[in-house]
Amino acid sequence: MSIGSGIPGLGIEVARVPEAVRRRVEAWRAAGETVALVPTMGALHEGHRTLVRSARAGADRVVVSIFVNPRQFAPTEDFATYPRTENADLEALTEEGADLAWVPAPDVVYPPGFETTVKAGPLGQPMEGAHRPGFFDGVATVVAKLFALVRPHRAYFGEKDFQQLLVVSRMALDLDLGVEVVPVPTVREADGLALSSRNVHLSPEDRAVAPALHRTMARMAARLADGASAPEAEIAWGRERILEAGFAGVDYLDIRDPRTLEPVTRAGVPARILVAARLGTVRLIDNVSVA
Ligand SMILES: Nc1ncnc2c1ncn2[C@@H]1O[C@H](COP(=O)(O)OP(=O)(O)OP(=O)(O)O)[C@@H](O)[C@H]1O
Ligand SMILES: CC(C)(CO)[C@@H](O)C(=O)[O-]
Ligand code: BAL
C-alpha cells in the first residue's frame with residue numbers, strides 16, 4: 001500500500017498528511033525498530049545531511065520533516081523569502097538514505113480552529129528570545145507537534161542553534177515526551193562560517209566578511225579558556241571586531257553558562273559564546289564553546 005505522495009524517480013517516501021506518518025511509524029514500532037526524527041525547514045545543506053547521517057547511525061529508521069513554520073517568524077521577518085527547494089531537498093534525503101519525508105502544508109499543521117500552543121520558559125527569554133519575540137513559543141509548539149506525531153525515540157538538533165537545542169531539550173523533559181534530544185556539532189565552511197540556509201542570500205562581498213563572526217568568537221574563546229581576560233572585556237572587544245569587519249549590527253554577543261544560559265562573569269569556567277549579527281539583509285547566528 002502506498003502512503004502519502006511519492007515523487008517519481010525519488011527513493012524516499014513523502015508524507016503530506018499526518019495519517020501517512022502515523023501508519024508508517026506504527027508499522028516500524030510494531031516490528032521493534034527504533035525511530036529518529038530530524039526536524040528542518042528545508043533548503044538542505046551539509047549541516048542537515050550531517051544530522052541525517054547521525055540519525056541513521058542512532059536508529060533503525062529516519063524521518064525528516066521539512067516545514068517552514070510560520071509561527072516562529074514575526075511579521076517583520078523573512079518567512080516569505082526563506083529559501084524553499086523541495087525537489088533538491090528530497091533528492092538529498094534520498095541520497096542520505098532517510099526513510100520518510102514529512103512535508104506538510106501550513107494548514108495541515110495548523111488547521112482552522114488550532115489554538116493550543118507551548119510556551120518556552122526562561123531558557124527561551126534572552127538572546128534569540130529577546131530579539132525574536134514569540135520565536136521559541138513557535139519552535140516549541142511545532143516541535144511538540146512533531147514529537148507527538150512521529151513519536152521518535154531520538155531527535156537530532158544542530159548546535160548551531162544552541163539556544164533552540166536547550167529549549168527543545170527542556171521541553172521534552174518538562175512535557176514527558178520521552179524523546180532523547182541528541183545534539184550535533186556545527187558544520188562549518190573551510191573559513192569557519194557556519195552552514196546556514198540563509199547564507200544563500202549573502203552577496204559575494206558580504207560572504208567575504210561573514211567568517212569574521214566565527215574568527216572573533218574563536219579568539220575570545222581561546223583567551224577566556226586561558227583565563228587571560230574577563231568576559232566583559234572580551235564582549236566589548238568582540239563587538240568592535242565584528243562591526244569593524246563590516247557587519248551592520250550586533251543583536252547580541254554574550255558569554256553564558258552552557259546549561260542555564262545565565263551570564264558568565266569570570267574567566268576560567270565552562271561557557272558558551274553566542275552571537276547574532278546582521279550582514280546586508282541576512283541575520284547570522286553562531287556560537288562556540290569555551291572549554
Ligand atoms: N551548520 C550546521 N551544523 C549543524 N547543524 C545545523 C547547521 N545548520 C543548521 N543545522 C541544524 O539543522 C536543523 C534545521 O535547521 P534549519 O532548517 O533552520 O537550517 P538552518 O541552516 O539553521 O537555517 P537558518 O540558519 O536559515 O535558520 C536545526 O537543528 C539546526 O540547528
Ligand atoms: C526546529 C525547527 C525545524 C522548528 O521549526 C527550526 O526551528 C529549525 O529548522 O531549526
Ligand atoms: N534555524 C532556526 C530557525 C529559524 O531561524 O527560524
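## Two domains, two helix pairs, three ligands

Helix α9 passes helix α10 in a right-handed crossing. A crossing is right-handed if the near helix is turned clockwise from the far one by less than a right angle, and left-handed if anticlockwise. Helices (H or I, at least four residues) and strands (E, at least two) are DSSP runs, numbered from the N terminus.

This is a predicted model, in which local features need pLDDT of at least 70 and side-chain atom pairs count only at pLDDT 80 or more, while totals for chains, interfaces and linings use all residues. Residues are numbered from 1 along each chain as its sequence is written, and chains are lettered from A and ligands numbered from 1 in the order in which they are written.

**The helix pairs**

Helix α9 covers residues 212-226 and α10 covers residues 231-245. Their axes come within 10 Å and cross at roughly 160°. Axes are lines fitted to C-alpha atoms, for helices over the stretch in contact, and angles run from 0 to 180 degrees between N-to-C directions. α9 and α10 are therefore roughly antiparallel. Angles over 145 degrees count that way, under 35 as roughly parallel, 65 to 115 as roughly perpendicular and the rest as oblique.

On the α9 side, the contact includes Ala-212, Leu-213 and Met-220. On the α10 side, Pro-231, Gly-238 and Ile-242 are among the partners. Two residues are in contact if their C-beta atoms, placed from the backbone, lie within 7 Å. The α9 and α10 contact holds eight nonpolar, two polar and three charged residues. Here Ala, Val, Leu, Ile, Met, Phe, Trp, Tyr, Cys and Pro count as nonpolar, Asp, Glu, Lys and Arg as charged, and the others, Gly among them, as polar.

How do α6 and α7 lie to each other? They are oblique, because their axes cross at roughly 50°. These axes also come within 10 Å, and the crossing is right-handed. Phe-136, Val-139, Ala-140, Val-143, Ala-144 and Phe-147 of α6 meet Gln-164, Val-167, Val-168, Met-171 and Ala-172 of α7. This contact has ten nonpolar residues, one polar and no charged.

**The domains**

The chain has domain 1 (13-184) and domain 2 (197-290). These bounds come from an automatic or database domain assignment. The domain centres, taken over C-alpha atoms, are 26 Å apart. Domain 1 puts 13 residues into the contact, and domain 2 puts in eleven. On the domain 1 side, α5 (128-131) and α7 (162-174) are the elements that give two or more residues. α7 has the largest share there, with three residues. That side counts eight nonpolar, three polar and two charged residues.

**The ligands**

A residue is near a ligand if its C-beta atom, placed from the backbone, lies within 6 Å of it. Ligand 1 has 18 residues around it, and Gly-47, Gly-158, Leu-195, Ser-196 and Ser-197 come nearest. α2 (46-58) and β5 (154-158) each supply at least two residues of this shell. α2 gives the most, with four residues.

The shell of ligand 2 includes Pro-39, Thr-40, Asn-69, Val-139 and Val-143. Two elements give it two or more residues: β2 (35-40) and α6 (135-150). α6 gives the most, with three residues.

Ligand 3 is surrounded by Met-41, Gln-72, Asp-161 and Gln-164. Those four names also appear around ligand 2.

| Shell | Nonpolar | Polar | Charged |
|---|---|---|---|
| Ligand 1 | seven residues | eight residues | three residues |
| Ligand 2 | five residues | four residues | one residue |
| Ligand 3 | one residue | two residues | one residue |
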